[in-house]
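Me: I am new to this structure and would like to go through it step by step. Please keep the answers short and end each one on the value or name I ask for.

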Amino acid sequence: MDQSQIPLIDIGAVLSPKNNKNDWLDASKALDHALRTTGFMYLKNHGISNIAIDDAFTSSKAFFQLDAYTKQKYQMDAKKEYFGYVQPNQQQLDSNGAYECRESFDFLLNLKQKLRDGNPDVANFYISLEKLANDCVPLIKTLFKILTKSLELTDQEAILKTTTCISDHTVPSMSAFRTLYYPSVQNIQHGTIRLAPHSDYGTITLLFQDHIGGLEIQTRNKKWIPVKPVRDTILVNTGNLLYLMSGGRYMATVHRVLMKVPEGEILPPRQSMAFFVIPDNDAIVTPLIDSSNFLLNTQKMTALEHVKRLVDKSYKY
């Protein structure tokens with residue numbers, strides 16, 4: 001498998017007011033193939049404007065270029081809530097303790113109000129991120145509907161019903177929008193990486209990346225392949241909860257961002273933004289299809305219990 005084999009799916013026909021049954025069928029087959037083989041796909045004609053994406057990248061960069069003292073005023077205290085600025089290596093996904101050189105700012109959907117209140121440093125930052133997050137919602141709903149057809153579920157609202165938080169932000173959830181900044185590096189220290197290998201915790205992730213690249217995914221045969229930026233597309237990948245909810249049908253693909261630069265050259269900064277879609281806190285994680293051959297812990301678990309366990313493990317306090 002090479003980069004060209006990461007599927008590119010055009011969902012413009014489905015998003016069109018003139019869509020028909022065959023459009024939905026074609027999309028469901030394409031989505032099913034992508035999630036069963038790679039767990040990653042490019043989406044084109046996704047309905048999210050480049051202006052909204054560019055504005056969010058620009059305001060994010062402006063925040064990350066603030067001085068350290070200012071950014072630390074908004075630093076996340078993961079013991080209390082998963083909201084705020086995360087400094088380099090504060091979140092550590094590498095089990096061997098490699099230094100992870102990135103910054104991020106996370107907000108849960110039901111905590112966005114915090115950015116409005118008396119924080120002039122992040123006023124424009126908040127407005128652009130909120131707009132992009134809201135613009136993602138129709139696409140997420142469409143993808144969930146396509147997924148129900150891919151899984152041949154009778155109830156076309158089955159997945160959406162587990163994730164009412166994307167429409168009603170008062171519903172408690174771990175769904176989060178994250179903007180990331182990977183600083184420029186010249187002399188790369190041994191054992192330093194940008195993002196350690198991991199799989200995402202939720203159902204699906206919408207990923208926006210700049211033109212720099214560096215993202216890689218691990219194939220079923222354990223080889224790493226690049227996921228190069230493709231103009232006018234966004235990436236969608238599956239997470240652990242969709243793997244469980246699909247009875248193992250859809251893989252939760254492991255991915256990473258490495259530091260690769262010829263000796264003596266400067267590794268340029270990189271930006272990305274991710275919308276981690278996670279069911280409502282009280283949603284029970286269980287297969288939505290017949291999964292007689294799928295081994296799942298018999299103990300019932302909520303989405304909150306599943307995700308919080310993994311998140312708490314990754315943060316340094």
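Me: How many residues of strand 5 are buried?
Reply: This is a predicted model, and the answer rests on accessibility computed from it. A residue counts as buried when its relative accessible area is under 20%. Strand 5 is largely enclosed by the rest of the structure, because its buried residues number six of the six.

Me: Which residues of strand 5 point the opposite way from Glu-103, Phe-105 and Phe-107?
Reply: The side chains of strand 5 point two ways, and all of the residues concerned are buried. Glu-103, Phe-105 and Phe-107 point one way. Pointing the other way are Ser-104, Asp-106 and Leu-108.

Me: Which residue of strand 5 is the bridge partner of Val-86?
Reply: Strand 3 pairs with strand 5 in the antiparallel sense, over three bridges. In strand 5, the partner of Val-86 is Ser-104.

Me: How many bridges join strand 5 to strand 6?
Reply: Strand 5 covers residues 103-108 and strand 6 covers residues 176-182, and the two run antiparallel. Among the pairs, Phe-107 stands opposite Phe-177, and Leu-108 has Ala-176 as its bridge partner. The number of bridges joining the two strands is six.

Me: In what order do the strands of the eight-stranded open sheet stand?
Reply: The pairing in this sheet is mixed. Strand 1 (8-10) and strand 3 (84-86) stand at the edges with a single partner strand each, so one side of each has no neighbour in the sheet. From one strand to the next, the twist averages 25 degrees. The order is 1-2-12-9-14-6-5-3.

Me: At about what angle does helix 6 run to strand 9?
Reply: Helix 6 (residues 123-150) lies across strand 2, strand 5, strand 6, strand 9, strand 12 and strand 14. Its direction relative to strand 9 (204-209) is about 135 degrees.

Me: And at about what angle does helix 2 run to strand 2?
Reply: Helix 2 (residues 21-37) lies across strand 1, strand 2 (40-44) and strand 12 (233-238). Its angle to strand 2 is about 145 degrees.

Me: Which elements give two or more residues to the lining of the second largest cavity?
Reply: The whole structure has two cavities of 30 Å³ or more, and the second largest holds about 30 Å³ of space. Its lining consists of Leu-31, Leu-35, Met-41, Leu-143, Leu-147, Ile-204 and Val-236. By class, that lining has seven nonpolar residues, with no polar and no charged ones. The elements giving two or more residues to the lining are helix 2 and helix 6.

Me: Which element gives the largest share of the lining of the largest pocket?
Reply: The largest pocket holds about 560 Å³ of space. Of its 25 lining residues, the closest to the centre are Asp-54, Phe-57, Gln-209, Asp-210 and His-211. Two or more lining residues come from each of helix 3 (50-64), strand 9, strand 12 and strand 14. The largest share, six residues, comes from helix 3.

Me: How many nonpolar, polar and charged residues line the largest pocket?
Reply: The lining of this pocket draws on every one of the three classes. The counts are twelve nonpolar, seven polar and six charged.

Me: Is Phe-63 buried or exposed?
Reply: Phe-63 is found in helix 3. Leaving aside neighbours within four places in sequence, its contacts are Lys-71, Tyr-74, Tyr-85, Phe-105, Val-122 and Phe-125. The cut-off for burial is under 20% relative accessible area. Because its relative accessibility is 2%, Phe-63 counts as buried.

Me: How far apart in space are Phe-63 and Tyr-85, C-alpha to C-alpha?
Reply: Tyr-85 is one of the residues in contact with Phe-63. In sequence the two are 22 residues apart. In space, C-alpha to C-alpha, the distance is 9.9 Å.

Me: Where do strand 8 and strand 11 stand in the four-stranded open sheet?
Reply: This sheet has the order 8-13-10-11 with antiparallel pairing. Strand 8 (195-198) and strand 11 (224-226) each have a single partner strand, so one side of each is left without a neighbour; they stand at the edges.

Me: Which residue of strand 11 stands opposite Gln-218?
Reply: Strand 10 (residues 215-218) pairs with strand 11 over three bridges, in the antiparallel sense. Opposite Gln-218 in strand 11 stands Trp-224.

How values were computed. Residues are numbered from 1 along each chain as its sequence is written. This is a predicted model: local features need pLDDT of at least 70, side-chain atom pairs count only at pLDDT 80 or more; totals for chains, interfaces and linings use all residues. Side-chain values use heavy atoms; hydrogens and water are left out. Two strands pair if DSSP finds at least two bridges between them. Axes are lines fitted to C-alpha atoms, for helices over the stretch in contact, and angles run from 0 to 180 degrees between N-to-C directions. Contact means heavy atoms within 4.5 Å. On a 1 Å grid over the protein atoms alone, a cavity is a set of points where a 1.4 Å probe fits but cannot get out, and a pocket is an open set with protein on both sides within 12 Å along at least five of seven lines; lining residues have an atom within 4 Å of a point. Grid points are joined across faces, edges and corners, and a volume is the space filled by probe spheres set on the points. Ala, Val, Leu, Ile, Met, Phe, Trp, Tyr, Cys and Pro count as nonpolar, Asp, Glu, Lys and Arg as charged, and the others, Gly among them, as polar. Buried means under 20% relative accessible area, exposed over 50%, partly exposed in between (1.4 Å probe, protein chains only).
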